[in-house]
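Please work through the following exercises with the sequence and the model side by side. Try each task before you read its solution.

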Amino acid sequence: MTAAEVTPGGELPPEEAKPELQAAGAPPVPPAPAWRRALRWMGEANLAVVTFLAVVVGLLVGAILIVVTTPATLHAWSNVGSAPGHALGVSFSTVGNAYGALFAGSVFSPSAVGHAISTGSGWTVVFTPISETLVSATPLILAGTGVALGFSTGVFNIGGQGQLIAGALAATYVGFGVHLPIGIHLPLVILAGAAGGAVAGFIPGILKARTGAHEVIVTIMLNYIFLYLLNYLLTTAPLQQPGQSNSISRTVPGSARLPQLFGNGLRVNLGLIVALAVAAGASWLMRKSTLGFEFKVIGANPSAGRTAGMDARRATILVLTISGALVGMAGMSTLAGTDFFLSSGYGGGNGFNAITVALLGRNRPVGVVFGSLLFAALSTGGRYMQSTSGIPIDLTSVIQAVIVFLVATPALVREIFRLREAGAGKILLFTKGWGG
Amino acid sequence: MSVVALAPENEELTAPEGRIVSVARVRGMGVFLVLLAVVMFGPFGLGVAAHVHATFLLGAPPATGVAPLSLPVRWVSVPLALVCAALGCPLWARPHGRGRFLLFSLGVLIFLWSFLGWAARGGELNFVDMLAESLAYSTPLLFGSMSGMMCERSGVVNIAIEGQFLAGAFLGAMISSATNNLWLGVFSGAVAGAIFGALLAFLALRYGADQIIVGVVIVAFCTGLTNFLTEQVLSPDQNLNAGLTFSPFGIPLLDKIPVLGPAVFDQNYFFYGAIVLLVVIHVGLFKTRWGLRARAVGEHPRAAETVGIHVLSVRYRNVIMGGVIAGIGGAWFTIGNVGEFSADMTAGLGYVALAAMIFGRWRPFGALGAALLFGFSVSLQSFLAVLNVGIPSPFLSMAPYVITIAVVSGLVGRVRPPASDGVPYSRE
């Protein structure tokens, strides 16, 4: 098993290219054999290795937490003097069960595969976990790309929660408010989601550009404001489900729903395709377009940007609006893809996880896609883990946080594992102090 | 000697730059006051029938015998509206005049009084309780903003306050329940805060990681960890989350003062601690050698290093102390307020505390004003919900957050943070 198989492969080529270039530039030195280079690559602090090790450390921290908080293992360890093997055995089986469930709930369950092969049926059960992972990954890809776009301009959009709610709200209103054939209705719903999020992103953008209010504070406050706004709207006339005293909204009709990709059994839907398309679009924007270039220059050095005639204020407003639009689409994707109605506190932790996913993906849309898959697998598997082994799902947020800690400080990983310096040794600096 | 002598002079220098306010903004404040006056004159004043009174209770029911104050709503609001408008005019006419923020604050206070009268029309409002609760809710914000100040004055952004709050609240509740000793709860809250302060310092100072990012991830980590431990450890064993709280401690004699006594001098130790800390940090930052050094490190670390100040150790010390302060503030949420720990109970107040610090321009007494304002807006919602003023409760709950945005975007103007705030330092 190599790190390359486990971790996002999309990050490799630039790192891998270096030794080859060096070898080509210095003819007297014969090129090292492939296995040697692979070994050398694995000893470097490049993105793939650092990410892989971060995941390992995250799972390790999770395992320790399980052991020190589960009564059965604690009991076994209290008798460690008389039966040391037993304590270890109980610990391994507890952690093994939990992580086994984590895997079975997010990728596939070996027993289900066996059953499907022997009986020839039940393939839906086999693909359900992976489908659920893709379903969870969809909003993360959209929101993570949005946040990453902000980071690349030095803007920290922490208001994912609010923008997500705004997008979902707008999508719901358009969903139940108009009656159109699906070919027109669904695109309108998608656009409404983007527009709702864009409005929520525009507010901190204009405030930052015009008054200097720091977007970190404003976006966090907007999270709470939208949360309460949703609570209010859910109890009033047009949005609340008629005849309901609960705070839930009307259900959107079939013409406003994202169709499922593989038939009825699996929930993975068109939202995933939309998310991948948006990630590809964002990648194009940042790498090829003039606007993306402006964003990057202003993010790296605002005064250089100004000198070159770029308008930093306009870029701030624009990038927060676009970022908000993408996060709003994330809210739309869950609403029109799987939930079909709103309830209070809608969106869960997706808005916040978008930040960690963006960091994990190092602000590149491709990285965000892989990071989203990883985090989606953790949370999907976490739900299954909670129901089968009783370990609270919140464990996965701890694991996710540890992973991001390490990815954000590659130098720490390098020191722990004594890796050679390489691409990922650079410090991640996205944001500026309050003044910027 | 010379170092100490320099400190006040330095403060004078930074004072004018601390807040950069355009003429347009001051005039805008004047217009705002006039608008408030219009609201007071119309809906709050003439809009209320002449005979309707609002009753303010001025003592805790059984105790001090101050008679309730019953005022005719209309005939209080109308004259106050005129005063408010009169305060707004000089702001428009002479935007460069001195004391403009005093005028503005006075105008807002007058508006709040008129608003309370309108809200309590035809009913009763326990003014003393409301004041007391405002001060109580401002307590964690005071601790949080002091924590932020400790870190940021030395050049490290501590956005992890929310996480340190959660950690302090959790450990404070658990340890005090387990040992049946509230002071151990405070201590362990401080330890929890210190741990995450140290983590922030370690990652930010040793590895130069992005401070805002590390801070946000610390919040995510603490949220996940406390949620996990609540499910896994506290829920199965109720004795670990027994809900012990400090009871209020009336300061002898002072708590006998009518109105002020029960409101201000009958709080629990957290509030008194926050006030003492405020004074200590104010004196420390602006009058001592330590404070001058910390500020030098936050403004121009290279210069500080050349005169022999060890930049990184000053920062380490301040960030860990900031963690301690935030951890104690976190313990307020459980053992200083409701007792039991519950998931996500800090509700973003860690970030509101940062806003209070920014509003207070990185100065303790500025932050005090901001914290009182936010504390008031938090307590207001619970009182208004009872009074049935016709504003839906979600909008009342929004108030602190809306005020925060208004404050950071409108009122403060462009503030000047410490020059090296958030900038990693390396010697090369």
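The pLDDT is the predictor's confidence in each residue, on a scale from 0 to 100, and helices (H or I, at least four residues) and strands (E, at least two) are DSSP runs numbered from the N terminus. This is a predicted model, in which local features need pLDDT of at least 70 and side-chain atom pairs count only at pLDDT 80 or more, while totals for chains, interfaces and linings use all residues. Residues are numbered from 1 along each chain as its sequence is written, and chains are lettered from A and ligands numbered from 1 in the order in which they are written.

**Exercise 1. Find which elements of chain B have the lowest and the highest mean pLDDT.**

Solution. Begin with the whole chain: the mean pLDDT of chain B is 84, and 92% of its residues reach 70 or more. Then go through the elements of chain B, where helix α1 (residues 2-18) has the lowest mean pLDDT, 36, and helix α6 (residues 161-179) the highest, 95. Finally, look at residues 1-18 of chain B, over which the pLDDT is below 50; beyond near neighbours in sequence, this stretch has 13 contacts in the model, a contact being a pair of residues whose C-beta atoms, placed from the backbone, lie within 7 Å.

**Exercise 2. Describe the side of chain A that touches chain B, and state which element gives the most to it.**

Solution. First take the totals, which are 45 residues of chain A in contact with 45 residues of chain B. Next, identify the contributors: α11(A) gives the most to this side of chain A, with 11 residues. Last, sort the residues of this side by type, which yields 32 nonpolar, 11 polar and two charged; here Ala, Val, Leu, Ile, Met, Phe, Trp, Tyr, Cys and Pro count as nonpolar, Asp, Glu, Lys and Arg as charged, and the others, Gly among them, as polar.

**Exercise 3. Follow helix α2 of chain B and locate its kink.**

Solution. Helix α2 (residues 23-46) of chain B has 24 residues and reaches 33 Å from its first C-alpha to its last, close to the 34 Å expected at 1.5 Å a residue, where the expected span is 1.5 Å times one less than the number of residues. Moving along α2(B), you meet a kink of about 25° at B:M40, shortly before the proline B:P43; the bend at a residue is the angle between axes fitted to the seven residues ending there and the seven starting there. Among the buried residues of α2(B) are B:L33, B:M40 and B:F44, and the buried residues of this helix pack against α3 (73-93) and α4 (100-119) of chain B.

**Exercise 4. Compare A:R362 and B:R361: is each one buried or partly exposed?**

Solution. Start with the backbone: A:R362 has a positive phi of about 50° although it is not a glycine, and B:R361 likewise has a positive phi of about 50° without being a glycine. Most residues other than glycine have a negative phi. Then place them: A:R362 is found in the loop between α16 and α17 (365-389) of chain A, and B:R361 lies in the loop between α14 (349-359) and α15 (364-387) of chain B. For the last step, a residue is buried if 20 or more other C-beta atoms, placed from the backbone, lie within 10 Å of its own, exposed if 12 or fewer, and partly exposed in between. A:R362 counts as buried because it has 22 C-beta neighbours inside 10 Å, whereas B:R361, with 19 C-beta neighbours inside 10 Å, counts as partly exposed.

How values were computed: Contact = placed C-beta atoms within 7 Å.
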